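Visitor: I should like to take a close look at a single part of this structure. Would you please guide me through the sheet and what lies around it?

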Amino acid sequence: MSVSYNKILQKERLKRRKLSFQLVLIALVIVVCAYVSELFDGQRLIAGVPSLLLIFSESIPPDFSDWQSWLRPLFDTLAMSIAGTALAMLVAVPLGVLAARNTTPHVLVYQLVRGMLNLLRSIPELIMGILFVAAVGFGVLPGVLALAFHSIGMVGKFIAETIEHADPGVIEAIRATGASSFQVMIHGVLSQVIPQICDVTLYRWEYNFRASTVMGMVGAGGIGFELMSALRLMNYDEVSAILLLILLLVTLVDSLGASLREKMK
Amino acid sequence: MIQLNKLSVIYNRGILTALHPTTIEFRRGEFTVLLGTSGAGKSTLLRSLNLLNTPTSGEVSVAGVCINNARALRNHRRNTAMIFQQHQLMRRQTALYNVLAGRLGYYSSLRSLLPMREVDRQLALHCLERVGLLDKALERVDCLSGGQMQRVGIARALVQQPKVLLADEPVASLDPSCAHQVMSLLQGLCAEKNMTTVVSLHQVEFAKIYAQRIVALVEGQVIFDGCVDELTDDIVKKIYSTPLLGSY
């Protein structure tokens, strides 16, 4: 009897040893990556501290004297994030249905849409911003488009994966009532994943608001433009004032999103 | 041996009284079944015994000593093992890993970061063998059937070497043959280890077969407390005829 105990424990010990070996390997990879990224260059890190302190001291106290000229760009930023998220959701839901293995009409469509979503996700929104500025000119419009298209890549994939995890039993039950395949899609599939879709919408809105604050750097509207010009002129006290305002708005947007999510539970 | 003194539990800021002030004692080695419909307060009473529910008033005492500080509570929980309806196991871990979690009360927080002692591993395997699952020790729990998972849950409780065993609807999600298997396992363990055992159930038939003592609850109040023979049809009717007061 205790022989079989020892056998089991030995097998378990072997497993544990394998796991710790893998952990050591991962740790090694991390250390190498940190070395390549020059994280261990202590001298350089220490040398950076004084300049950082200098910038910090120059940015206090924050200079809010120009606040009136920031209101419109801040409002633009907020509008950009909401419009961009809405546009993204409008496109992402149908794409998500096409990109889910259990609801796609054809394997080719699945592959094509998945590939498209991957492509959209792999282009950073700043690059998208530059492309859309080139296409439609300066202003808020290219910012909205850039946020929306980048979001579609991420949200579409998320929705597709959520649909793939939907309970097939429920879908079967709806089909058994004699519902058409369109009805099955709406009432069997989408009604199951609506809570997740609402969740991801709010998360994405929070994310897009943070992302939209830098859109102005490439001329795509919003507070980022003011931030960039203050930085260029090395007016660090203005930079810190704008950053504080952005922090305030990000906090507001995040807590609004959180309370909406809490309400939908 | 373990006693509730005028203990009451009120949920939702005073809206729902789950358990009216109750004084009850569970004696050493006794196999008690808590009977009642869902929402009658069985789980609340059971979970008050190891203070998973915070009492609104009243106290829990063991052998006359009140459980009123963190150290006493930890000690009390170590001596009072619990089995849950939904097993509440770590599904992606092995059965052995889950059972070993039952020994955590015997380790300091820091020590438990290191692998557990060999004797405890042997003990865990012994408990798995007792519930008939030695050959599944290194299987992931989510590969096991419902009845097997519940037996892993029992092994996790056993490895605590408890004086009191609490089981919250342990057979509610099992088929009848599995349910009888689990109930007779609990009954056997109670006798074998002289453990005070409290099991909540909603089926009268099971209670009649296995219980020494039956405590019946209706709307958060004990309406019957006695041995199986004293449980008349009238009382059974009373337990089940009361309209539900909403679930908790």
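Guide: What follows describes the sheet of chain B and then turns briefly to chain A. Please bear in mind that this is a predicted model.

In chain B, six strands form an open sheet. Their order across the sheet is E6-E7-E8-E3-E9-E10, and the pairing is mixed. Strand E6 (80-83) and strand E10 (221-227) of chain B stand at the edges; each has a single partner strand, so one side of each is left without a neighbour in the sheet. From one strand to the next, the twist averages 15°.

Let us begin at the edge formed by E6(B). Its link to strand E7 (residues 164-168) of chain B consists of four bridges, and these two strands run parallel. Within this pairing, B:Thr80 has B:Val164 in E7(B) as its bridge partner.

Towards the other edge, a helix comes into view. Helix H8 (residues 233-241) of chain B lies across three strands, namely strand E3 (31-35), strand E9 (213-218) and E10 of chain B. The helix runs at about 40° to E9(B).

Chain A may be set beside this sheet. Chain A has 10 helices and zero strands. The radius of gyration of chain A is 25 Å, well over the 18 Å that the globule rule gives for 265 residues, so chain A is more spread out than a compact globule. Along the principal axes, its C-alpha atoms fill a box of roughly 75 × 60 × 35 Å. Of the 265 residues in chain A, 36% are buried.

Notes
Residues are numbered from 1 along each chain as its sequence is written. Chains are lettered from A and ligands numbered from 1 in the order in which they are written. This is a predicted model: local features need pLDDT of at least 70, side-chain atom pairs count only at pLDDT 80 or more; totals for chains, interfaces and linings use all residues. Side-chain values use heavy atoms; hydrogens and water are left out. Two strands pair if DSSP finds at least two bridges between them. Axes are lines fitted to C-alpha atoms, for helices over the stretch in contact, and angles run from 0 to 180 degrees between N-to-C directions. Contact means heavy atoms within 4.5 Å. The radius of gyration is taken over C-alpha atoms; the globule rule is 2.2 Å times the number of residues to the power 0.38. Buried means under 20% relative accessible area, exposed over 50%, partly exposed in between (1.4 Å probe, protein chains only).
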